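Here's a friendly walk through a structure, one spot at a time. Keep the picture open while you read.

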Amino acid sequence: MKGWRRSPPVRRAAALLSLLAVWEAASRAGLLDPFYAPPPSAVAGVLFDLAAGGDLWPHLAATAAAAFAGLLVGLVLGIALGFAAALAPLVADLLEPVMILLNAIPRVILAPLFVIWLGIGLASKLALATILVAVLIFFAVYNGFREVDRRLVERVRTLGGGRRVLIREVYVPSVTSWVLGSFRVAVGFAFTGAVVGEFVASSRGLGYLLQFAQSTYNAALTIALIVLIMAVVLLLFACAERLERRLLRWR
Amino acid sequence: MLRISGLAVGYGGEPVLDGIDLEVAAGEFATLGGPSGSGKTSILRVVAGLLEPLRGTVELDVGSRDVGFLFQDDALLPWRTARQNVALGLRIRDVAQARADEQADGWLQMMGLAGYGDRYPGQLSGGQRKRVAIAQVLALRPRLLLMDEPFAALDAIVRTRITQELLEWVERERLTVLLVTHDLEEAISASDVVHVLGHGPRAAIRASHRVGIPRPRRVLEARGHPAFGPLLRRLWEDLAAERMPEPAPS
């Protein structure tokens with residue numbers, strides 16, 4: 001009978017709802033200044049108006065397009081460069097220092113440079129999302145290759161497997177599990193790249209709206225957009241997790 | 001079947017083993033015993049072509065495809081099912097998929113794993129994984145079987161059972177075997193000849209003993225054979241003497 005009260009999702013939802021209720025009550029009692037901390041109901045109202053008025057969709061579409069394209073290009077680029085570096089020492093010597101440097105810095109600082117090079121359109125957002133994802137995936141592939149289980153390599157060799165069989169049976173699956181391990185982070189990075197790119201300079205997108213909301217001191221709109229971006233990323237995380245479970249069902 | 005002469009193995013140019021001469025006749029079950037860290041495994045790795053020796057030669061009467069290697073651990077490809085793992089070697093030898101799967105199922109059945117073909121290694125117990133690993137190697141019908149402490153990680157009951165099953169297969173196929181183990185009782189109960197390796201560095205084969213117990217054997221009965229106890233004592237003495245410092249030349 002009381003089983004549901006112990007279930008973590010129910011308890012988490014209850015905790016979140018109580019927090020929102022306290023916030024709402026504090027606002028209504030006049031304890032919070034609505035200019036800085038508008039009540040949840042006001043934020044929900046703004047979100048509803050945005051969605052119902054149709055203003056939201058072109059912005060959401062612009063951000064999603066930049067994020068997805070960046071994710072895809074970043075994955076392809078990261079995988080290709082990672083494999084190239086793992087298979088050819090010369091490529092590794094060339095790429096590794098650059099990648100280590102790019103990995104060490106907050107890569108979003110490249111955003112202004114991409115705007116100068118590529119303009120304020122989609123291209124600069126795509127480039128930022130791509131580089132955020134590509135560096136992450138490069139290391140997943142490169143490390144996945146180097147950290148491959150030596151025992152499995154020897155096993156396949158004693159069964160008569162050559163280089164081609166080793167890559168297919170040992171290296172690719174091993175690298176795949178590493179890449180999938182970074183996949184959720186990559187989805188988050190792709191959105192970061194798109195939104196930050198829009199934030200820096202753009203004429204559309206959620207980052208652009210956010211920038212607009214901030215410059216007009218509209219806290220309700222700012223919070224509404226933050227909540228919206230969170231919801232989108234959580235949704236994508238859930239999709240990524242399903243994909244991960246499907247591809248890694250041997251675990 | 002297998003002749004090793006003047007073999008030196010080491011890492012970074014420093015030999016762990018030196019001057020290893022070893023001959024395994026066709027159909028013989030030879031065991032290489034010795035303390036841990038004496039480099040026993042390295043000898044098998046050289047024979048299997050996984051390690052380049054510093055010096056010396058290895059001659060085989062069969063091709064490398066006729067050599068099977070049963071490793072100490074039971075590492076199978078975790079992303080492949082038991083059936084796919086067993087079929088892997090067959091697929092490498094260009095056996096068609098359907099036929100390879102069929103043969104793999106046959107081997108799994110023989111290993112007492114009928115119906116486990118679709119399980120992933122992570123869903124099997126240690127003993128079951130070991131059986132899959134054995135099936136994976138035997139499915140290729142090797143003529144020479146190299147085994148590196150294959151049962152070390154198993155509990156006593158499973159270990160005795162699997163050893164017995166493997167011995168039966170060795171008898172049936174007249175397999176030549178080179179087993180590496182630090183377990184002297186296992187060495188005696190399974191093999192025709194036990195070679196004792198000394199301590200490193202530059203360890204060499206210290207003594208070789210024939211096992212006077214007729215084949216085919218049953219693991220548990222071999223331990224009760226009158227020749228078992230005295231030989232075990234001699235092997236212990238060999239190893240104990242090995243721990244003493246070398247006498248100074250007079």
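Arg11(A) counts as exposed, because its relative accessibility is 51% and the bar for that label is over 50%. You'll find Arg11(A) in helix α2 of chain A, which covers residues 8-28. Leaving aside residues up to four places away in sequence, Arg11(A) touches Arg5(A) and Arg6(A). Before going on, remember that this is a predicted model.

**Where the chains meet**

Now zoom out to the place where chain A touches chain B. Here 18 residues of chain A are in contact with 23 residues of chain B. The two chains bury about 2000 Å² between them, and 62% of that is on carbon and sulfur atoms. On the chain A side, the residues that lose the most area to chain B are Arg155(A), Leu159(A) and Trp250(A), which together make up 38% of what that side buries.

What about charges and polar atoms here? Between chain A and chain B the count is three salt bridges. One of them is made by the side chains of Arg155(A) and Asp73(B), at 3.1 Å from N to O. Eight residue pairs are in polar contact across this interface. Two elements of chain A, α8 (150-158) and α9 (163-200), give two or more residues each to the side that touches chain B. The largest share of that side, seven residues, comes from α8(A). Sorted by class, the chain A side has seven nonpolar, four polar and seven charged residues.

**Salt bridges**

Over all chains, the count comes to 27 salt bridges. Here are some of them, with the N to O distance for each pair.

| Partner | Partner | Distance |
|---|---|---|
| Glu241(A) | Arg184(A) | 3.7 Å |
| Arg131(B) | Glu165(B) | 3.2 Å |
| Arg174(B) | Glu171(B) | 3.4 Å |

Take the pair Glu241(A) and Arg184(A), whose side chains meet in a salt bridge. Glu241(A) sits in helix α11 and Arg184(A) in helix α9 of chain A, so this pair ties together parts that are 57 residues apart in sequence. Glu241(A) is partly exposed at 32% relative accessibility, and Arg184(A) is partly exposed at 30%.

Over in chain B, Arg131(B) and Glu165(B) form a salt bridge too. Arg131(B) belongs to helix α4 and Glu165(B) to helix α5 (residues 156-173), and the pair links parts of the chain 34 residues apart. Is Arg131(B) buried or exposed? Its relative accessible area is 10%, so Arg131(B) is buried. Glu165(B), at 27%, is partly exposed.

Then there's Arg174(B), in a salt bridge with Glu171(B). Arg174(B) is partly exposed with a relative accessible area of 48%, and Glu171(B) is partly exposed with 21%. Salt bridges with shared partners join Glu171(B), Arg174(B), Asp192(B), Arg215(B) and Arg217(B) into one network.

**Two charged residues in chain B**

Arg143(B) sits in the loop between α4 (126-138) and β6 (144-148) of chain B. With a relative accessible area of 29%, Arg143(B) is partly exposed. Not counting residues up to four places away in sequence, Arg143(B) touches several residues, including Met1(B), Val62(B) and Glu173(B). A polar atom of the Arg143(B) side chain lies 3.1 Å from the backbone oxygen of Glu173(B).

What is the nearest side chain of opposite charge to Asp238(B)? That would be Arg206(B), at 4.6 Å. A salt bridge needs the atoms to be within 4 Å, so a pair beyond that cut-off isn't counted. Asp238(B) is buried yet has no salt bridge. The side chain of Asp238(B) does make a polar contact with the side chain of His209(B), at 2.6 Å. Asp238(B) is found in helix α8 (residues 228-243) of chain B.

**Backbone oddities**

Most residues other than glycine have a negative phi, and most peptide bonds are trans. Tyr217(A) isn't a glycine, but has a positive phi of about 55°. Tyr217(A) lies in the loop between α10 (206-215) and α11 (219-247) of chain A, and counts as exposed at 61% relative accessibility. Asp94(B), also not a glycine, has a positive phi of about 65°. Asp94(B) is in the loop between α2 (82-92) and α3 (97-110) of chain B, and is exposed at 70%.

Finally, a cis peptide bond joins Arg215(B) and Pro216(B), with omega about -5°. Pro216(B) is in the loop between β9 (205-210) and α7 (219-222) of chain B.

Note on methods. Residues numbered from 1 in each chain as written. Chains lettered and ligands numbered in written order. Predicted model: local features only at pLDDT ≥ 70, side-chain atom pairs only at ≥ 80, totals over all residues. Heavy atoms only, no water. Helix = DSSP H or I, 4+ residues; strand = E, 2+ residues; numbered from the N terminus. Buried < 20%, exposed > 50% of the residue type's maximum accessible area, 1.4 Å probe, protein only. Contact = heavy atoms within 4.5 Å. Polar contact = N/O pair within 3.5 Å; in protein donor to acceptor, adjacent residues only side chain to side chain. Lys, Arg positive; Asp, Glu negative; His and termini not counted. Buried area = accessible area lost by both parts, 1.4 Å probe. Nonpolar A, V, L, I, M, F, W, Y, C, P; charged D, E, K, R; others polar.
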